[in-house]
Amino acid sequence: MKQPSPIFNGILAVFALSFGVLAVAPALQLGSLQPTVNEDTGDIYPIDVAGVQAQGRAVYVAQGCIACHTEQVRDESAGADLDRGWGVRRTVARDYIYETPVLLGTMRNGPDLANIGSRQPQPGEDPNKYSVAWHYKHLYDARLTSPGSIMPSYKFLFETKKIVGQEDANALKLTGADAPQPGYEIVPTAQARDLVGYLTTLDHSHPLAEAGPNITPPKTGGAK
Amino acid sequence: MPETLTMQKAATAPAMTDAEIEWIDRSLIDASVRTPVMFFFTTAQTWLLAATLIGFVCSIKLYWPTFLGDWSFLTFGRLWPAYTNILVYGWGLPAGIGTAIWMTARLCRVVLKSQWIPIISGIFWNIGVTVGVIAVLAGNMQPYELLEFPRAASVLLFIAYALIGAWGVVMYQNRRPGHVYISMWYFVGAFFWFPWLYASANVMVGSSHIHGVVHAAIAAWYAQGLLGYFFASVGLGAIYYLIPKVIGRPIHSYHLALLGFWSFELFWGLTGMVRYTGGPFPVWYSSLSIAALILVLIPVGTVGVNILMTMRKHTYMVYHSPTVRFTMYGTVAWIVGMLIMILGSVREMDPYTHFTQFSIGTFHLLVYAFFSMTMFGAMYYIVPRLVGCEWLSASFIRLHFWGAGYGIGFMILLLIVSGCVQGGCWNDPVSYPHATDVMDQIMPYLRGMSLAWIPLGIAHLLFFIHFIAMVLRLGQPSGEPTLFAPIEEGGEAH
């Protein structure tokens with residue numbers, strides 16, 4: 001009647017191979033990585049800041065930032081990430097051991113953010129670039145800080161409210177048509193504060209043996 | 001039902017010719033799968049319209065970022081995963097499941113028992129997709145491509161597919177004795193693989209025992225596996241079924257077909273890490289995946305040669321049969337898509353293609369130009385056999401083909417070229433220091449993408465109307481297939 005078919009065995013075998021090599025092997029090889037400890041200085045890296053980042057990371061995920069931004073720096077052979085000033089070294093698996101969910105990303109319609117927290121403005125640029133106030137303005141409407149940007153406006157992460165007593169320290173400094181009515185201010189919601197808090201902690205520049213030596217940040221261009 | 005069939009056959013056999021028995025046999029099989037298959041097809045078509053609308057809005061947002069930008073649920077970061085998930089889980093999988101169920105029933109010559117299983121599964125599936133899409137729009141999602149749906153939705157999808165898969169395998173086990181046709185191998189594979197792939201990927205990315213980049217590796221393994229173990233399986237299985245049926249000629253070589261099947265399944269499963277070339281992983285992962293992807297040239301060659309050789313001397317059929325025209329488009333798109341994917345993944349090309357619109361181009365090549373076009377072809381073949389009337393209008397079918405074929409072809413061309421431009425600009429920080437400088441360079445392509453959605457939208461709407469007319473039995477009762485042009489030579493055509 002029914003001849004025993006090699007089909008099931010074969011189907012199971014090819015799939016088990018794929019599962020073993022690309023799902024189980026990384027879990028075994030990379031799943032138990034530990035932070036490095038410098039014997040001389042007692043310096044530990046990476047440090048678990050997951051608790052501090054958790055709220056902001058959740059906002060980053062919920063707004064789908066990953067649709068256009070990566071958080072990984074590749075070495076020279078794979079692209080110009082380092083030349084752009086996106087980092088001082090490539091990122092490696094150990095960098096991410098406390099990052100759950102990990103937000104490596106697969107698309108760059110905008111710059112990489114792996115080191116956005118430690119990035120410095122270049123000569124000639126707005127000296128407040130990458131500051132907390134700059135991030136709020138950038139999120140509110142990216143065109144205010146980066147003309148021509150295609151990043152969505154996250155105005156829904158801000159609220160306009162009546163100034164009661166002193167002005168909020170985080171209130172946006174807007175001029176012209178963007179400014180709120182007199183007596184009102186535009187302030188970031190808790191979500192926006194969490195998100196900017198997360199972005200400003202993003203820093204993968206601590207030296208790591210397996211990532212090779214850190215480079216000196218480029219003097220010209222880059223860092224955009 | 002099978003008892004009735006046997007009795008009917010026994011009682012009437014002396015008076016009936018073999019052809020008549022064959023015809024009754026087929027009708028009984030078709031009748032037994034009609035409701036579930038039509039349910040999957042109808043829901044798939046409805047989701048396709050939703051995907052068209054959302055995809056169009058996404059394309060506008062890429063050059064007009066404040067368009068519909070005041071609501072969090074319409075922000076690009078949510079709308080984009082909603083689009084890809086609807087295209088894959090709302091349209092793609094149900095269309096493939098419907099096709100695989102029908103072809104499995106025909107190939108195994110089984111009258112389907114327990115119709116309620118696939119129907120329940122279809123209902124679960126669509127509830128799962130709805131819940132998942134609403135959750136994504138509300139911002140409740142996982143940050144992994146095509147695994148965005150939250151736990152509640154993915155559990156529903158898993159249960160639904162596991163029911164279909166188990167039931168498909170049972171159908172296969174109860175097949176009538178005889179040769180197992182190549183399409184069946186692909187379908188059995190798809191029945192088995194998807195639940196395993198989906199469950200293990202969801203469990204592993206959701207697990208707190210695994211952390212860091214391992215989640216990303218598993219997500220890459222899943223996204224790549226889905227393209228090969230579901231879309232390629234069902235798409236190629238359907239092509240192997242439809243082309244020989246319509247042109248009335250067996251496939252060119254059965255051995256080539258088997259070689260193509262096994263070599264593809266073996267090599268494709270190892271290609272996932274091409275998505276992280278240069279990423280924070282030990283280098284052997286991407287080296288292995290690139291090597292495996294280059295070896296995929298073997299199945300691309302064998303499957304391609306096999307189907308094209310089968311079509312040799314029958315290529316005129318693309319001028320007559322809608323099914324052949326759509327499936328041949330799918331076949332060519334599969335070959336081209338694979339070649340472009342392989343070319344884009346080698347280390348010399350990767351800096352120009354990685355993290356760019358190029359990857360969206362290959363995604364659309366495989367999920368739309370290959371798989372969806374093949375599914376359209378399959379539906380043009382299957383639906384008349386289920387509803388008992390023929391498609392209303394050859395002009396509608398012709399417009400559907402031109403709209404979908406040219407629309408997606410144009411869009412993919414823009415995506416592939418703009419991806420290479422984007423990659424080249426990212427790698428030239430001196431000339432294009434700011435992100436805005438890079439994106440400015442591909443702005444014309446991004447605008448063109450919205451234009452490409454217009455013929456696609458018209459095509460999908462026409463097909464939907466045409467399809468609903470068939471569901472309402474408003475088609476032509478003639479019994480003759482609706483062709484683009486009459487065929488002079490003989491042969492069954494559709």
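In this predicted model, A:P46 sits in the loop that runs between β2 (44–45) and α2 of chain A. The peptide bond that joins A:Y45 to A:P46 is cis. Its omega is about -10 degrees. A second cis bond leads from A:T100 to A:P101. Here omega is near -5 degrees. A:P101 also belongs to a loop, the one between α2 and α3 (132–140) of chain A. Most peptide bonds are trans, and most residues other than glycine have a negative phi.

Chain B offers exceptions in phi. B:L68 is not a glycine, yet its phi is positive, near 50 degrees. This leucine lies in the loop between α2 (18–61) and α3 (76–108) of chain B. How buried or exposed is B:L68? The residue has 15 C-beta neighbours inside 10 Å. A residue counts as buried with 20 or more such neighbours and as exposed with 12 or fewer. B:L68 is therefore partly exposed.

B:R473 also takes a positive phi without being a glycine. The value is about 60 degrees. The residue is placed in the segment after α16 of chain B, and the positive phi comes just after that helix. Around B:R473, 10 other C-beta atoms lie within 10 Å. The limit for an exposed residue is 12 or fewer, so B:R473 is exposed.

The helix that precedes B:R473 can be described by its span. Helix α16 of chain B covers residues 443–471, 29 residues in total. From its first C-alpha to its last, α16 of chain B reaches 42 Å. At 1.5 Å a residue, the expected span is 42 Å, and the computed reach is close to that. In an α-helix there are 3.6 residues a turn, so residues three or four places apart point the same way.

The two chains also touch. In the contact between them, 66 residues belong to chain A and 71 to chain B. Which elements of chain A give two or more residues to the side that touches chain B? They are α1 (6–30) and α2 (50–62) of chain A. Of the elements, α1 of chain A gives the most, with 15 residues. What kinds of residue make up this side of chain A? The side divides into 35 nonpolar, 21 polar and 10 charged residues. The size of an interface is often given in another way, as the accessible area lost when the parts come together.

Conventions. Residues numbered from 1 in each chain as written. Chains lettered and ligands numbered in written order. Predicted model: local features only at pLDDT ≥ 70, side-chain atom pairs only at ≥ 80, totals over all residues. Helix = DSSP H or I, 4+ residues; strand = E, 2+ residues; numbered from the N terminus. Expected span 1.5 Å × (residues − 1). Contact = placed C-beta atoms within 7 Å. Nonpolar A, V, L, I, M, F, W, Y, C, P; charged D, E, K, R; others polar.
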